[in-house]
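The following note sets out, in numbered points, a colleague's reading of the structure shown here.

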Amino acid sequence: MLDAGASPYAFLADRLAAARARWKKAGIKSYTYRILVSCGGCALPGGTVTVRGGKANTKPATGYGDYKTVNRLFSVIKRFLADKPYSFQATYDRTTGVPIDVSVHQDKLGVDDYYGFGTRGFKKLD
C-alpha cells in the first residue's frame, strides 16, 4: 500500500528495481522468449528472441530492437515510467523478474496512446 504522500511512480520504479534485482540474482545469460508488442497505431507481428551469453543472437524484426534482451525490456519500462503516464501496469515473474505484461496509457483522453508488450514462453537455455 502507498503512503498518503508517496508517488505512484516511485512505487512502480521500486517494483521495477526489485524485478531487475531478481533477474540479476538469477544470473541467466542464455534464454529465449516470444515477444508481443502493441501500440495504438501499430500492428507488429510477434517475434522470437534468442539470447546467448547476454547478447541477442537473433536480429529481431523491424520495430523490435528495444525488445531483444531482458535488460532492454527493463530499459523500455524505465523510459515508460520516466514519461509519467496516466496509467501503467506491469507484471513480472516472481522468480526471475522477467517482465510478463506491460501496458501504458500516456494520456487520460488519448485514443491511440496505448503502448505495451508481453513475453511468453521464457526458457533458460544451456
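**Notes on the predicted model**

1. Burial and surface. Of the 126 residues in the protein chain, 34% count as buried. The model is predicted, and the values below are computed from it. The accessible surface of the chain amounts to about 7700 Å², and carbon and sulfur atoms account for 52% of that surface.

2. Overall layout. The protein chain contains 2 helices and 7 strands. Followed along the sequence, these elements appear in the pattern α-β-β-β-β-α-β-β-β. Contacts across the sequence can be summarised with one figure: among those between residues at least 6 apart in sequence, 49% join residues at least 24 apart.

3. Pairing of strand β1. Strand β1 covers residues 31-39 and is joined to strand β3, residues 47-52, by 5 bridges, the two running antiparallel. Within this pair, tyrosine 31 stands opposite valine 51 of β3. Strand β1 is also joined to strand β7, residues 114-124, by 8 bridges, again in the antiparallel sense. There, threonine 32 has lysine 123 of β7 as its bridge partner.

4. Pairing of strands β5, β6 and β7. Strand β5 (residues 87-92) and strand β6 (residues 99-105) pair antiparallel over 6 bridges. Threonine 91 has aspartate 101 in β6 as its bridge partner. The hairpin of β5 and β6 has 6 residues between the strands, and glycine 97 in this hairpin adopts a positive phi near 85°. Strand β6 in turn is joined to β7 by 5 antiparallel bridges, with histidine 105 partnered by tyrosine 114 of β7. Strand β7 thus appears in two of the pairings described, with β1 and with β6.

5. Threonine 32 and threonine 50. Is threonine 32, in strand β1, buried or exposed? Threonine 32 has a relative accessibility of 16%, under the 20% limit, and therefore counts as buried. Threonine 50 lies in strand β3 and is likewise buried, because its relative accessible area is 15%. The side chains of these two residues make a polar contact of 3.5 Å. A reader should note that the cut-off for a polar contact is also 3.5 Å, so the stated distance and the limit have the same value as written.

6. Surroundings of threonine 32. Leaving aside residues up to four places away in sequence, threonine 32 touches Thr48, Val49, Thr50, Gly121, Phe122, Lys123 and Leu125. This list includes threonine 50, its polar partner, and lysine 123, its bridge partner in β7.

7. Aromatic pairs. How many aromatic pairs does the structure have? The count comes to 6. Ring pairs link Trp23, Tyr31, Tyr33 and Phe122 into a cluster. Two of the residues named elsewhere in this note recur here: Tyr31, which faces valine 51 across the β1 and β3 pairing, and Phe122, which touches threonine 32.

8. Salt bridge of aspartate 66 and arginine 79. A search of the whole structure finds 2 salt bridges. In one of them, the side chains of aspartate 66 and arginine 79 meet at 2.9 Å, N to O. Aspartate 66 lies in the loop between β4 (55-56) and α2 (70-82), whereas arginine 79 lies in helix α2, so the pair ties together parts that are 13 residues apart in sequence. Aspartate 66 counts as partly exposed at 33% relative accessibility, and arginine 79 counts as partly exposed at 42%.

9. Salt bridge of arginine 120 and aspartate 101. What distance separates N from O where the side chains of arginine 120 and aspartate 101 meet? The distance is 2.9 Å. Arginine 120 belongs to strand β7 and aspartate 101 to strand β6, so this pair ties together parts that are 19 residues apart in sequence. Arginine 120 is partly exposed, with 36% relative accessibility, and aspartate 101 is partly exposed at 33%. Aspartate 101 therefore has two roles in this account: it is the bridge partner of threonine 91, and its side chain meets that of arginine 120 in a salt bridge between strands β6 and β7.

Definitions and conventions: Residues are numbered from 1 along each chain as its sequence is written. This is a predicted model: local features need pLDDT of at least 70, side-chain atom pairs count only at pLDDT 80 or more; totals for chains, interfaces and linings use all residues. Side-chain values use heavy atoms; hydrogens and water are left out. Two strands pair if DSSP finds at least two bridges between them. Helices (H or I, at least four residues) and strands (E, at least two) are DSSP runs, numbered from the N terminus. Rings of Phe, Tyr and Trp (its six-membered ring) pair if their centres lie within 6.5 Å; planes under 30 degrees apart count as stacked, over 60 as edge-to-face and the rest as tilted. Buried means under 20% relative accessible area, exposed over 50%, partly exposed in between (1.4 Å probe, protein chains only). A polar contact is a pair of N or O atoms within 3.5 Å; within protein, one must be able to donate a hydrogen and the other to accept it, and residues adjacent in sequence count only if both atoms are side-chain atoms. Contact means heavy atoms within 4.5 Å. A salt bridge is a side-chain nitrogen of Lys or Arg within 4 Å of a carboxyl oxygen of Asp or Glu. Accessible areas come from the Shrake-Rupley method with a 1.4 Å probe; for residues, only the protein chains shown count as cover.
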